[in-house]
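Grab a pencil and work through these exercises with the structure open beside you. Try each task before you read its solution.

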Amino acid sequence: MSDRLVIAISSRALFDLNESHSIFEEQGLDAYQQYQIAHENEPLQPGGAFSLVRKLLRLNENLDRQAVEVILLSRNSADTGLRIFNSIEHYDLAISRAAFSGGDSPYRYIAAFNCHLFLSMDGADVRHALESGVAAATILPSNPQTNSSGRLKFAFDGDAVLFSDEAERIYKTQGLEAFTRSEKNSADQPLSGGPFKPFLSALQQLQTAFPAGESPIRTCLVTARSAPAHERVVKTLRAWNIRIDESLFLGGMEKGSFLKAFDADVFFDDQQGHCESAREHVATGHVPHGVANELKAQNKSCLLYTSDAADE
C-alpha cells in the first residue's frame, strides 16, 4: 500500500439515500432510476459518515498534500450515480475516484484501490470486505451531536476489532473467571491483530506527519476489560509499536456516555449491544467479526431451523 490513507465509502453511508432506497425496495429498479435522474440536480442530505469524511479530507489542507483519499463505492450505475457526484460537488468534497457497480456488490474493488477502511450500510458487503482482509464496518443509523472541533477522533473496541477474538472466545465459552485467569497468565504474550490493526497503524503513520503535540487526530481504546486483563492489552500495543492516545477500561459499563465525553467522530465495535448504546451519542460502525457475531449467526440459524421444523 502507498503512504496515503485510503478510505472507501458507500453512497448510502456518505449521503442520506433513505427516500430513494425506499422507492427501489417498494417500486423497483426502473422507478428508482427515474427518480434519481429526475432529482439529479437536488443535493442529497448528509449521511451517517458525512462529517467523518469531511474532516478526513480536511487533513490534506493541513498537510498541504494528499495524505488522505476517499473513494466512492456504489451499487448505482454511472447514470443514476450522477446525483451522488453532483452532491459531492455541492458540498465541495475532494472525491474524484469512484466505482459504480450497476447493482452488483462493489466491495471487490476495495483491494484494487488499496483501501485501508471500508464504510457501508450494507452488512453483506462489509462482511465480504472483512473476509478479504480489509477493515470494514456497517455504519448504523444515528443522529449524534457532531464534533465541531478541528480534531478528528477515532474510538475502537479492543477484542475482535483491534485485537483478535482469541481472548473473547474464552470469555464466551468458559466465562469471566476463565477469561481473567487466562489473560493474567498470558499477560506477556501479545494478542494477534484484529481486522482494524492495519487501519490503526495507518492512522498512527498519519499522526506522525504532524509536529509533535500538534496532530489533529486522536485515538481512543474503549474496552469492557478491566484490571487485571488490561495488562495484556497494554503490552500488546507496546509490542506492536502502536500508541493509543487514550484508553478506557470500563469493566462492563455501557460505553455510550464515555464516547460522548471523548467526543468521538466515530466508534467501531463488534458487539451489537455496545453499538446500540454508542449510536445514541456518536457515529457508530458495527464490525461483524469474531465469536460474538458467529454465535449470533448460529443462534439465528437455529431459530430459523426450529421455526421451519414447527411448520412441517
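Before the first task you need one definition: axes are lines fitted to C-alpha atoms, for helices over the stretch in contact, and angles run from 0 to 180 degrees between N-to-C directions. Helices (H or I, at least four residues) and strands (E, at least two) are DSSP runs, numbered from the N terminus. You're looking at a predicted model, where local features need pLDDT of at least 70 and side-chain atom pairs count only at pLDDT 80 or more, while totals for chains, interfaces and linings use all residues. Residues are numbered from 1 along each chain as its sequence is written, and side-chain values use heavy atoms, with hydrogens and water left out.

**Exercise 1. Describe how α2 and α3 cross, and list the residues in contact.**

Step 1: find helix α2 (residues 18–27) and helix α3 (residues 29–38); their axes come within 7 Å and cross at roughly 150°.

Step 2: name the arrangement. Angles under 35 degrees count as roughly parallel, over 145 as roughly antiparallel, 65 to 115 as roughly perpendicular and the rest as oblique. So α2 is roughly antiparallel to α3.

Step 3: look for contacts (heavy atoms within 4.5 Å). Glu19, Ser20, Ile23, Phe24 and Gln27 come from α2, and Leu29, Ala31, Tyr32, Tyr35 and Gln36 from α3.

Step 4: sort them. Ala, Val, Leu, Ile, Met, Phe, Trp, Tyr, Cys and Pro count as nonpolar, Asp, Glu, Lys and Arg as charged, and the others, Gly among them, as polar. You should get six nonpolar, three polar and one charged.

**Exercise 2. Zoom in on Ser20: is it buried or exposed?**

Step 1: place Ser20 in helix α2.

Step 2: check the cut-offs: buried means under 20% relative accessible area, exposed over 50%, partly exposed in between (1.4 Å probe, protein chains only). With a relative accessible area of 3%, Ser20 is buried.

Step 3: see what surrounds Ser20. Skip the neighbours within four places in sequence, and you find contacts with Tyr32, Tyr35 and Gln36. The Ser20 side chain also reaches the backbone oxygen of Leu17 at 3.2 Å.

**Exercise 3. Now do the same for α7 and α8: at what angle do their axes cross?**

Step 1: the axes of helix α7 (residues 166–174) and helix α8 (residues 176–185) cross at roughly 150° and come within 7 Å. That makes α7 roughly antiparallel to α8.

Step 2: list the partners. Ala167, Ile170, Tyr171 and Gln174 of α7 meet Leu176, Ala178, Phe179, Ser182 and Glu183 of α8. By class, there are six nonpolar, two polar and one charged.

Step 3: pick out Glu168, which is also in α7. Its relative accessibility is 7%, so Glu168 counts as buried. Beyond four places in sequence, the contacts of Glu168 include Asp159, Asp270 and Val291.

**Exercise 4. Hunt for unusual backbone: which residues join at a cis peptide bond, and where is phi positive?**

Step 1: recall the background. Most residues other than glycine have a negative phi, and most peptide bonds are trans.

Step 2: find the cis bond between Ala227 and Pro228, with omega about 5°. Pro228 sits in the loop between β7 (217–223) and α10 (230–240).

Step 3: check phi. Asp64, not a glycine, has a positive phi of about 60°, and Asn114 has a positive phi of about 60° too.

Step 4: add the setting. Asp64 is in the loop between α4 (50–63) and β2 (68–74) and is exposed at 71% relative accessible area. Asn114 is in the loop between β3 (98–100) and β4 (117–120) and is partly exposed at 37%.

Definitions and conventions
A polar contact is a pair of N or O atoms within 3.5 Å; within protein, one must be able to donate a hydrogen and the other to accept it, and residues adjacent in sequence count only if both atoms are side-chain atoms.
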